[in-house]
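Let's walk through this structure together, one chain at a time and then where the chains meet. Keep the viewer open as you read.

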Amino acid sequence: MKKWMTVVCLLIVAAFVFAACAPAAETASQVPESSTESGEASAESSTEASAGTETTGSGKHAIVFKNTGNPYGEKEMEGFENAVKEAGQEAILRAPDQPTAEGQIQIIEELIAQGVDSITVVANDPDALQPALTKAMQAGIKVIAVDSGVNAQSRELFVNQAGSELFFFFKQKTAYEMCSGSGEFAILSATSQATNQNAWIEALQKIMESDEKYKDMELVKVAYGDDLRDKSVSETEALLQSYPDLKCIVAPTTVGIAAAGKVLTDKNLGGKVALTGLGLPSEMAEYIDNGVCEYMFLWNPLDLGYLAGYTAMALTDGTITGATGDKFEAGTLGEYTVVDASDGGTEIILGPPFRFDSSNIAEWKDVY
Amino acid sequence: MKSSVNILEKNKTKKIFRELGLLIFLIVLCVVFQAINPTFFTWENLADMLRNTSILAILAVGMMMVMITGGIDLSVGAIVALAGMVSALTVQYVPQLPAVVAILIGMGVGIGCGAVNGVLVAKGRIIPIIATLGMMNVFRGLTYLISGSKWVSAHQMSDGFKSIATSGIGPLNTLIIIAVVVVLIFYYFLNYNRTGRYIYAVGSNPESAVITGIKKDRILIMSYTLLGLLTGLAGVLWVAKFASAQGDTATGYEMNVIAACVLGGVSVSGGTGKVGGLLLGVLLLGVLQNALPLINVSTFWEDFIQGIIILVAILLNISVKRRADKNALKRREI
């Protein structure tokens, strides 16, 4: 009997080991697949293959995205790779299977062991990566955060898609326009822990309090869809039920805005409840074409990854140190300057996001 | 003879009472939600809730069948993704394909996946939790592979395909109708069909089932395959409902399905489980998902409240069950 128990326990342990190994295998196998399909990035497969083997040396720059299988992330990593390739260096593209900090920590540990020059992270958690990233910096590796940042102590620079306050001012104006200046609006966000989401919401509330222009507008609720389809749909339906006078939904998350677009389409509320936010053109094409969402925004993930790639190389070769006022050339994007970030660290701001509407969605929906 | 009839009757009242406990809890919960937000009991909200719960109901019925055999299937979330992705890709490349064919394709994929699970468990003699854990990763990986880790978005799907989830007969949405039909079919199958009863026999006492001539392996393979079929169906419905197919569709959803089964009184050790109780478990989860956003508390409290409610429901169920068991023992003494 005891023997059996031991066997069962061993099997369970073995199963967990398999489960833990599987994501890495998936990551490795899926990237070549996508690259053979797109054709444009056929060299990606060779890069990925070399990522698996243990090599030491310089000229290697790694990016760790939130999770695999995210077309937005693929584009961001592609942009990063393009930048690094332009400079004749080697890019390593990694992402855990699930969007967790644990998965990213494991990858960062592997990268430290590989002795890369720089690690660029798109963090799943602002604080949880600190021990791993501190260890990387102590090992002489340059650490950069992009898109979804980490706290100021665990990075040398943050490549920001847009300054949070600047960004939401921008966003707020769209909500203002969509509500025609007065009425109730709601935010459908991702998780309550996502770094950038909370920064934007704080910035928004600050602006609403300080500016007379928005006194007739009321933020009725910040709902969290956890970036899950089913939960985002339920949250949207609850918003519509609880606030029948709702004029506008702002969803600063790609999953949330698509789920809200689907709900508004199914309920025939296009024109009654406006929808805007951050969305993927391919996912939102349907809802922009049918008028549910008049326009929405997204920065170009290719550009963002590209800028991160140049930032990583500039830090590594000593062009910049990460101090405020440093300037460097980011390939085709032109010159960028390091500025102070609101959390006490320093950052580089990509610029205003791109606006997608019925006039340009057709050409973008097949891009990403 | 007389006493045995008496026992049967007593048993019946016990069973009804047990389901009644969960039902009363659900009703109390609904009344509380209604008191907090009066829009809860509007037709539109109830229709939303049933529509969102129908996929869970389809999956839970299949999962209950497998759990009755004493097994479990952790790969349902991955099969949902795989079947949904295959049908979505088919629709993307053949837009004029009728929606029914897309559903059949998804069900075919599901049958294949389920059959593999079934053979591994029955013929390979691998513990179900491990066999399906392994296959979960295989199916999830396949989904990423066939899609090239790209998404299929709303504009790439035909209107016919998307209308699976938006059409309906009268006020009833197609999803709800499909779920009701599935539940009715399996209610009949599990209660009045000989093969259906064999499933209970295999789960409650495998050795005697084999001695009485029941082909245990076949029953096991059939259970997993039927769950696969339902999961494939659910996968197509899922993708049509959200008009989006991704590699990470329904990740972790198997936990919701298993939770619905356990809440509905299905035993993890096999042999017990009723469609009536299961429906209450499914509805409880559906009501929670629908109503928690309505009561306007912070997200942190939402999670906390959800956990507490599920715990209370399970505690209630256990206490009622213990009382029923005690009564059964008393009868045996007489």
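Chain A has a secondary structure of twelve helices and 15 strands. Bear in mind that you are looking at a predicted model, so the confidence values deserve a glance before anything else. For chain A the mean pLDDT is 78, with 79% of the residues at 70 or more. Within this chain, strand S3 (residues 118-121) has the highest confidence, at 92, while helix H2 (residues 44-52) of chain A has the lowest, at a mean of 39. The pLDDT is below 50 over residues 21-57 of chain A, and this stretch still has 54 contacts in the model beyond near neighbours in sequence.

How is the rest of the chain put together? Of its 368 residues, 55% count as buried. Taking the contacts in chain A between residues at least 6 apart in sequence, 71% join residues at least 24 apart.

A good place to zoom in is strand S2 (residues 90-94) of chain A, where five of five residues are buried. Both of its faces are covered: A:Glu90, A:Ile92 and A:Arg94 lie on one side, A:Ala91 and A:Leu93 on the other, and all of them are buried. S2(A) pairs with strand S1 (residues 60-64) of chain A over five bridges, in the parallel sense. One of the residues to pick out here is A:Ala62, whose bridge partner in S2(A) is A:Ile92.

Further along chain A, look for an open sheet of four strands in the order S7-S6-S8-S9, with parallel pairing. Strands S7 (217-224) and S9 (274-277) of chain A stand at the edges with a single partner strand each, so one side of each has no neighbour in the sheet. On average, neighbouring strands of this sheet are turned by 25 degrees against each other, direction ignored. S9(A) is joined to strand S8 (residues 246-251) of chain A by four bridges, and the two run parallel. Within S9(A), A:Thr276 is the bridge partner of A:Val250. Helix H9 (residues 254-266) of chain A packs on the sheet and touches strand S6 (183-189), S8 and S9 of chain A; the direction of H9(A) makes about 165 degrees with that of S9(A).

Now move to chain B and find helix H2 (residues 43-68) and helix H10 (residues 216-242) of that chain. Their axes are 8 Å apart, and they pack at an angle of about 170 degrees. Because angles over 145 degrees count as roughly antiparallel, that is the description H2(B) earns relative to H10(B). The contact includes B:Ile55, B:Leu59 and B:Met63 from H2(B) and B:Leu227, B:Leu230 and B:Trp238 from H10(B). By class, this contact has 15 nonpolar and three polar residues, and no charged ones.

Finally, where do the two chains meet? In all, 33 residues of chain B are in contact with 37 residues of chain A. On the chain B side, the elements that give two or more residues are H2, H5 and helix H12 (275-291) of chain B. H5(B) provides the largest share, seven residues. By class, the side of chain B that touches chain A has 19 polar, eleven nonpolar and three charged residues.

Helix H5 (residues 128-147) of chain B also holds B:Ile130. Is B:Ile130 buried or partly exposed? It has 19 other C-beta atoms within 10 Å, and since being buried takes 20 or more, B:Ile130 is partly exposed.

Definitions and conventions: Residues are numbered from 1 along each chain as its sequence is written. Chains are lettered from A and ligands numbered from 1 in the order in which they are written. This is a predicted model: local features need pLDDT of at least 70, side-chain atom pairs count only at pLDDT 80 or more; totals for chains, interfaces and linings use all residues. Axes are lines fitted to C-alpha atoms, for helices over the stretch in contact, and angles run from 0 to 180 degrees between N-to-C directions. Angles under 35 degrees count as roughly parallel, over 145 as roughly antiparallel, 65 to 115 as roughly perpendicular and the rest as oblique. Two residues are in contact if their C-beta atoms, placed from the backbone, lie within 7 Å. Ala, Val, Leu, Ile, Met, Phe, Trp, Tyr, Cys and Pro count as nonpolar, Asp, Glu, Lys and Arg as charged, and the others, Gly among them, as polar. Two strands pair if DSSP finds at least two bridges between them. pLDDT is the predictor's confidence in each residue, from 0 to 100. A residue is buried if 20 or more other C-beta atoms lie within 10 Å of its own, exposed if 12 or fewer, and partly exposed in between; C-beta atoms are placed from the backbone.
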